[in-house]
Amino acid sequence: MALTFHGGIHINEHKTTRHCMVEKMPSPKTVSIPMSQHIGAQAEPTVKVGDIVDRGQVIGRIDKGLGSPVHASISGKIKEIIEKNSANGQKIQTIVIENDGENRLSPDIKPWNKKLSDTTTEEIIEIIRAAGISGMGGATFPTYAKLQSALGKVEHIIINCAECEPYITANHRLLLENPDAVINGLKILLKAFSLRQGIIAVEDNKLDAINKLESRLDGSNMIKVEVLKTKYPQGDERQLIYALTGRELPAGKLPADVGCCVFNAETCAAIFSAFVNGMPLIERIVTVDGDCVKTPKNVLVPLGTSYLDVIEFCGGLTKEPKKIISGGPMMGIAQWDINGVVTKGTSAILVFSDEVENKYEQEPTCIRCGRCVRGCPMRLMPSYLAMFSQQGKLDMAEQFDIMSCVECGSCSYSCPGHVPIVQYIRAAKGQINDRKRAAAAALAQSQNK
């Protein structure tokens, strides 16, 4: 029986690229590589305009604090170093590299020269840190820091292959085409945590991938493939942990606090590549889909490639686009610039026309149907939270546990009155966080007097 969680919704999957093998995209003429593709501080450029760089060379470094180094995804000449808006609107220092067509690999890239059995936890963490690996499911938390903070606390390592968002099939194709990378990446993580068994969790709409994994594992007790019920948001780590272990993750706590550590499938494969080949994270699989795209595909894309270049590789646009989304349609971010770039957290590029948009001419109105409550995986009351947000009652919103909302969008999707519940909740959470920061700053100022 497939494992699952309370609440959630069933939505049209639109997995039209599930049978599209991953195609490697040729290196574009230029890439624009942001110095922040991770949670934490921006990296400081280690190159200057006019420098010649190699593929895989470090071009951004963080010496203190949380963050990940950044590497060149192509070989070529540093054309400029500028500030550009990221997918979420933040201004980030960006290095533009002009391709020289030589595809030179940095001489610093070398496979790890020890057997896994002889490698220490500290060495594994350093390999992951140096490779610039951050969570590739979208969260982009530096993976080395996740390991460091979870050491000594973890009983279960979970590889998240749920991929519950509509359209996205990048992880599905990875499991079908390169399951050994995921399996061996998990083995490296097991060694780092000194654990004997790990879990690969896959939704039951990917039975071909489940069968592929099980055939590769051949009855091994080291790795267990768990089948999850296909339901959104099954890929959220709170729901995943509950479905697999029955443990609930309290608000404000990390998975390690309940004995679990969750990694995305592609993150796991990147760890294996860093260990075996010495390759840093300089490319990723991206699902390109939507009714405007001529030939939807799964594409292996050099980081820093513009959305437009990726779309052109997929045959270009057949209609006037109304909306471009980085990531999935439920939790992705709508873009204002088709020249935005693929980063470590870009799982998909979706391009939709006006025909796809669900038009609603009337004023959004809550009809007290309770669908948002039934579908909420966090067991909240989204309609109340939206109302408190609209009315500016932030204290009441906090009492109703608004900060536990994971912003999955299940409530907005299921609302027959088309109330933009998540937008209201997100706005209120931002105001609450601003208020807390202001209070902390005022307290610190008073203590310093």
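These exercises work through cores, helix packing and a small set of paired strands in one structure.

The model is predicted: local features need pLDDT of at least 70, side-chain atom pairs count only at pLDDT 80 or more, and totals for chains, interfaces and linings use all residues. Residues are numbered from 1 along each chain as its sequence is written, and side-chain values use heavy atoms, with hydrogens and water left out.

**Exercise 1. The cores**

Task: find which residues touch the most other members of the largest nonpolar core, and which helix gives the most to this core.

Solution.
- Fix the terms. A nonpolar core is a set of buried Ala, Val, Leu, Ile, Met, Phe, Trp, Tyr and Cys residues joined through side-chain atoms within 4.5 Å. Buried means under 20% relative accessible area, with a 1.4 Å probe and protein chains only. Helices (H or I, at least four residues) and strands (E, at least two) are DSSP runs, numbered from the N terminus.
- The largest core has 71 residues; Ile157, Ile159, Ile200 and Ile349 touch the most other members.
- Helix 4 (residues 179-193) gives the most to this core, with 9 residues.
- Apart from this core lies another, of 26 residues, including Ile11 and Leu380.
- Now take Ile157. Leaving out residues up to four places away in sequence, Ile157 touches (heavy atoms within 4.5 Å) residues that include Leu186, Phe193 and Phe263.

**Exercise 2. Helix 6**

Task: list the buried residues of helix 6 and state what they pack against.

Solution.
- Helix 6 spans residues 237-245; Gln239, Leu240, Ile241, Ala243 and Leu244 are buried.
- These buried residues pack against strand 9 (156-161), strand 10 (198-203), strand 11 (223-228) and strand 12 (260-264).
- Gly246 follows helix 6, with a positive phi near 80°.

**Exercise 3. Helix 3 against helix 5**

Task: describe how helix 3 and helix 5 pack and which residues make the contact.

Solution.
- Helix 3 (residues 170-177) and helix 5 (residues 207-217) pack at about 35°, their axes 8 Å apart. Axes are lines fitted to C-alpha atoms over the stretch in contact, and angles run from 0 to 180 degrees between N-to-C directions.
- Helix 3 contributes His172, Leu175 and Leu176; helix 5 contributes Asp208, Ala209, Lys212 and Leu213.

**Exercise 4. An open sheet**

Task: give the strand order and the edge strands.

Solution.
- 3 strands form an open sheet, order 3-5-6, with antiparallel pairing. Two strands pair if DSSP finds at least two bridges between them.
- The edges are strand 3 (44-45) and strand 6 (70-71); each pairs on one side only.
- Strand 5 (residues 58-61) pairs with strand 6 over 2 bridges. Val58 stands opposite His71 in strand 6.
- Strand 3 and strand 5 also pair over 2 bridges. Arg61 in strand 5 is the bridge partner of Glu44.

How values were computed: Buried means under 20% relative accessible area, exposed over 50%, partly exposed in between (1.4 Å probe, protein chains only).
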